[in-house]
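Please look through the structure below with this report beside you, taking one region at a time.

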Amino acid sequence: VNGNNRVPDNHFHKHWNPNASQKGHITTFFDQPAQKKVRRMKRAKKAALLFPRPVTGPVRPVVRLATQRYNFRVRLGRGFTHEELGQVGLNARKARTVGIAADHRR
């Protein structure tokens, strides 16, 4: 809108009749409850397929933020070091297959 005019606030009516001169493409979601159930069942099926691995993504280490200003905060890191994985008897490749993140740079 150009200039100091009234903000357009028209609320147009939907045209429900598909045979009228103004055909409105109305999308209805009457299957919303059914779709909700389908999504939930698919999530459960996927979780069962991934069973030993965590569903929310790989396990990551808790690390502190880098600078002095924020070092009281903690967040999830990128992955465990080779030394940390070695202490529990895993190598990086095996750790990734069971759902543990490994970071080769640390």
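## A strand residue and a surface patch

V62 is found in strand β1, which covers residues 62-64. Its relative accessibility is 59%, and because this is over 50%, V62 counts as exposed. V62 also belongs to a nonpolar patch on the surface, which it forms together with V74 and L76, and the three residues have a combined accessible area of about 290 Å².

## How confident the prediction is

This is a predicted model, and its confidence scores should be kept in mind while reading the rest. The mean pLDDT of the protein chain is 90, and 99% of the residues score at least 70. Among the elements of the chain, β2 has the highest mean pLDDT, at 96, whereas helix α3, made of residues 92-97, has the lowest, at 92.

## Helix α1 and the segment before it

Helix α1 runs over residues 32-49 and contains 18 residues. At 1.5 Å a residue, these should span 26 Å, and since the C-alpha atoms at the two ends are 26 Å apart, the expected span and the distance in the model agree. How many of the 18 residues of α1 are buried? The number is zero, so the helix lies largely in the open.

N17 is placed in the segment before α1. With a relative accessible area of 43%, N17 is partly exposed, because this value lies between the 20% limit for buried residues and the 50% limit for exposed ones. When residues within four places in sequence are left aside, N17 is in contact with Q22 and K23.

## The loop between β2 and α2

Two residues of this loop can be set side by side. R78 sits between β2 (74-76) and α2 (82-87), and T81 lies in the loop between β2 and α2 as well. Is each of them buried or exposed? R78 has a relative accessibility of 55% and counts as exposed, while T81, with a relative accessible area of 9%, is buried, because its value is under 20%.

Their contacts reach to other parts of the sequence. Apart from neighbours within four places in sequence, R78 is in contact with R60, P61, A101, D103 and R105. R78 and V63 are 15 residues apart in sequence, and their C-alpha atoms are 9.1 Å apart in space. T81, again not counting residues up to four places away in sequence, touches D103 and R106, so that D103 appears in the contacts of R78 and of T81.

## The salt bridges

The structure holds two salt bridges. One of them involves D103, the residue already met in the contacts of the loop: D103 pairs with R105, and their closest N and O atoms are 3.2 Å apart. Are the partners in this bridge buried or exposed? D103 is buried, with a relative accessible area of 4%, whereas R105, at 59% relative accessibility, counts as exposed.

In the other bridge, the side chains of D9 and R6 meet, with a distance of 3.5 Å from N to O. D9 is partly exposed, its relative accessible area being 41%, and R6 counts as exposed, at 67% relative accessibility.

How values were computed
Residues numbered from 1 in each chain as written. Predicted model: local features only at pLDDT ≥ 70, side-chain atom pairs only at ≥ 80, totals over all residues. Heavy atoms only, no water. Helix = DSSP H or I, 4+ residues; strand = E, 2+ residues; numbered from the N terminus. Buried < 20%, exposed > 50% of the residue type's maximum accessible area, 1.4 Å probe, protein only. Contact = heavy atoms within 4.5 Å. pLDDT = per-residue confidence, 0-100. Salt bridge = Lys/Arg side-chain N within 4 Å of Asp/Glu carboxyl O. Patch = residues over 30% accessible without salt bridge, like charges linked within 9 Å, V, L, I, M, F, W, Y side chains within 5 Å. Areas by Shrake-Rupley, 256 points an atom, 1.4 Å probe, with all protein chains shown as cover. Expected span 1.5 Å × (residues − 1).
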